[in-house]
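Please open the structure in your viewer and keep a selection panel at hand. The tour proceeds from one selection to the next.

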Amino acid sequence: MSTTLGRTRSGAESDLAGRGPMLFAMVLAVLGYQINATMLSPALPDVIERLGTTTAAAGLSQTLFFLMAAIGQVTLARLSDQRGRKPMMLLCAVVLIVGNVLCVFAPNIEVFIAGRVLQGVSAAMFTLAFLTLNQLLTPAGFGKAAGIITAVNGGLAGVDAIAGGHIADTIGFRGIFVCSTLIAVAGLIGVRRYVPDVPPTTEPGARFDARGITALALGLTGILVGLAQGAAWGWTSALTLGFLLGGLASLAFFVVSQKSAPNPVIDLDVLASRRAWPLLITTICTLGGAFGAIALTIPLFSQDARVGLGLSAVTAAVLFLTPIQLIGVISAPLTGRLGPKVGWRRIVVTGAIANFAIFLVATLFLHSEWILVAALAALGVTYGGFMLTGLNGLAVTTAPKDKPGSLSGLNGACFGIGASLGIALASAMITAGSDAQGVTEAGYRNAMYTALALLGIGVITALLIQRPQQEQEADAAADEDRPLIVTHH
């Protein structure tokens, strides 16, 4: 029996060999959620037209989708510490299917948003998959499997982005959710049959911190909805200020409540350490900068015939979304193999610096179609490979051993928070930069500048992340094994 990284693993569980059906089931389960993000991006103009809504309302649906992804991940990850990973994975799949059905039959934007909210909760499937794999596999096996799961985080090798654009141009956005439902049902069946039950990591009778989760959910909702709708409602309006100030108050209460909670969402000592808060901020800023631009600003700009590139949904998807996803599918598994060897922190720092440089080029050459294509394609390596895989790997391997779902769940939530924040800020910048004729070039460019600022903060916080203890120990062991070389002068 091995106890690598503090978790016991039998010989049969120490390698990826023989785990193919389980890994494939997890891929289907997370893909059912993920294509709701990647396939829908090129279809956003179609959603606006068919539901008779506005860019601000469509942006709000995206904001709430990723907001609920954040809340779902931190909630279900902590619940899985007590109730087990598999039951929570099954719950995610069911919630996703219900949300898809609502979006398929949505008669208006309100029902559509309700469906998006339920779909967002199912994002916890990613964190639950990582936690399960980390309990079952060796570090090397986990790195490989994490790379495969992370590859899905960008979609289905770019095919889904093209399909989303084609569906939007032909039968409409509803067909996207039919596809997601079919995959989600297959994932539900696969998880139930092939994913083993792993024992809870905390006492089953431990009290769940519902008060803390509620305060966190209200806080995030208030701030992100306020940011997303501030331009439409007016930044000094009572509604906007109520959401923003109410959100801040709820987050303050969340921090205070964690001090007295018997089983907190995350220990404040861990949160205050340099292995946690810089990592979480890096995740938020990375997703906020990159995803906000990829999922909203670029799709809208590329299809804008007045001040943008005036492309069709399919062409925009092929040029600007597919390369990121296709390259990410290749680079994420390679990064997963590399992470345990060179260190997850080094992967994250390298990716953060490269992301910033690439986005600087994309922002400066926004109207240069082929430079923009090349820059976004490079994100398949730095964002889809290094950052998404590295951030997940670092969170899972540095989490407290008695509460593995705490840091990884909170980091998973930060993926949703960052994506939601990025969408909210991009939507606000685009809305603020609109005139009587529609969105102006300044609106799109300001949205890109905002993304660049977030990525710059991410570089700084990535450099502040403390090296994981196991990496320090590995380097120390390597130093001891090196032969002593004595030189004579």
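Begin by selecting L464, which is partly exposed because its relative accessible area is 34%, between the limits of 20% and 50%. The model in view is a predicted one. L464 belongs to helix α18, which spans residues 441–464.

**The nonpolar patch**

Extend the selection from L464 to W277, I281, I457 and I460. Together these five residues form a nonpolar patch on the surface, with an area of about 410 Å². Which helix gives the most to the nonpolar patch? The answer is α18, with three residues. Colour helix α13 (277–303) as well, since α13 and α18 each contribute at least two residues to the patch.

**A salt bridge in α18**

Remain on helix α18 and select E441 and R445. Their side chains form a salt bridge, with an N to O distance of 3.5 Å. E441 and R445 are four residues apart in α18, which means that about one helical turn separates them. Is each partner buried or exposed, or does it lie in between? E441 has a relative accessible area of 35% and is therefore partly exposed. R445, at 19%, counts as buried because the limit for that class is under 20%.

In general terms, side chains of opposite charge can pair when their charged atoms come close.

**A salt bridge in α2**

Move next to helix α2, residues 44–50, and select R50 and D46. Where do these two residues stand relative to each other? Both lie in α2, four residues apart, or about one turn of the helix. A salt bridge joins the side chains of R50 and D46, at 2.8 Å from N to O. R50 is partly exposed, with 43% relative accessible area, whereas D46 is buried at 10%. How many salt bridges does the structure hold? The count is two.

**The whole chain**

Finally, clear the selection and display the entire chain. Its secondary structure consists of 19 helices and two strands. The chain has 489 residues, of which 61% count as buried. Switch to a surface representation: the exposed area is about 18500 Å², and carbon and sulfur atoms supply 67% of that area. For a contact map, consider the contacts with a separation of 6 or more: residues 24 or more positions apart account for 82% of them.

Technical notes: Residues numbered from 1 in each chain as written. Predicted model: local features only at pLDDT ≥ 70, side-chain atom pairs only at ≥ 80, totals over all residues. Heavy atoms only, no water. Buried < 20%, exposed > 50% of the residue type's maximum accessible area, 1.4 Å probe, protein only. Contact = heavy atoms within 4.5 Å. Areas by Shrake-Rupley, 256 points an atom, 1.4 Å probe, with all protein chains shown as cover. Salt bridge = Lys/Arg side-chain N within 4 Å of Asp/Glu carboxyl O. Patch = residues over 30% accessible without salt bridge, like charges linked within 9 Å, V, L, I, M, F, W, Y side chains within 5 Å.
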